[in-house]
Amino acid sequence: MEQLVELDSRRRVALGRLGNPEHSRYLVTEHSDGTLVFTPAVVMTAHEAALLRRPDLVAQIEADLADPSRGVRSEARRPR
């Protein structure tokens, strides 16, 4: 799908209805011919990236989420 967009005086563009509404961040690549390619991106912290490199921890978290009875009750969250 092609759609003409125009830059405003500050070289901004409104994407409006273009793209998936779930995507709010993009990596933009500029090719030598001036073509701009917007690739949806996800930003995460260094801690999140480190966690994702540990498949054993990811599996444990997924198992705990699938079976809430495995969770540990916290005394700090109980209403008085």
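This is a short dialogue on the salt bridges and the largest pocket of a predicted model.

Student: How many salt bridges does the structure hold?

Tutor: Start with the general idea. Side chains of opposite charge can pair when their charged atoms come close. In this structure there are two salt bridges.

Student: Which residue forms a salt bridge with Asp-8?

Tutor: Arg-12 does. The closest N and O atoms of that pair are 2.8 Å apart. The cut-off is 4 Å, so the pair counts as a salt bridge.

Student: Which residue forms a salt bridge with Asp-56?

Tutor: Arg-54 is the partner. Here, too, the closest N and O atoms lie 2.8 Å apart.

Student: Now accessibility. Is Asp-8 buried or exposed?

Tutor: Partly exposed means between 20% and 50% relative accessible area. Asp-8 has 31% relative accessibility, so Asp-8 counts as partly exposed. Its partner Arg-12 is at 44%, so Arg-12 is partly exposed as well.

Student: What about the other pair, Asp-56 and Arg-54?

Tutor: Read them against those limits. Asp-56 has a relative accessible area of 45% and is partly exposed. Arg-54, at 39% relative accessibility, is also partly exposed.

Student: Next, the pocket. How much space lies in the largest pocket?

Tutor: About 480 Å³.

Student: Which lining residues lie nearest the centre of the largest pocket?

Tutor: Val-5, Val-13, Leu-15, Leu-36 and Phe-38. They belong to a lining of 14 residues.

Student: How do the residues of that lining divide into nonpolar, polar and charged?

Tutor: Nine are nonpolar, three are polar and two are charged.

Key
Residues are numbered from 1 along each chain as its sequence is written. This is a predicted model: local features need pLDDT of at least 70, side-chain atom pairs count only at pLDDT 80 or more; totals for chains, interfaces and linings use all residues. Side-chain values use heavy atoms; hydrogens and water are left out. On a 1 Å grid over the protein atoms alone, a cavity is a set of points where a 1.4 Å probe fits but cannot get out, and a pocket is an open set with protein on both sides within 12 Å along at least five of seven lines; lining residues have an atom within 4 Å of a point. Grid points are joined across faces, edges and corners, and a volume is the space filled by probe spheres set on the points. Ala, Val, Leu, Ile, Met, Phe, Trp, Tyr, Cys and Pro count as nonpolar, Asp, Glu, Lys and Arg as charged, and the others, Gly among them, as polar. A salt bridge is a side-chain nitrogen of Lys or Arg within 4 Å of a carboxyl oxygen of Asp or Glu. Buried means under 20% relative accessible area, exposed over 50%, partly exposed in between (1.4 Å probe, protein chains only).
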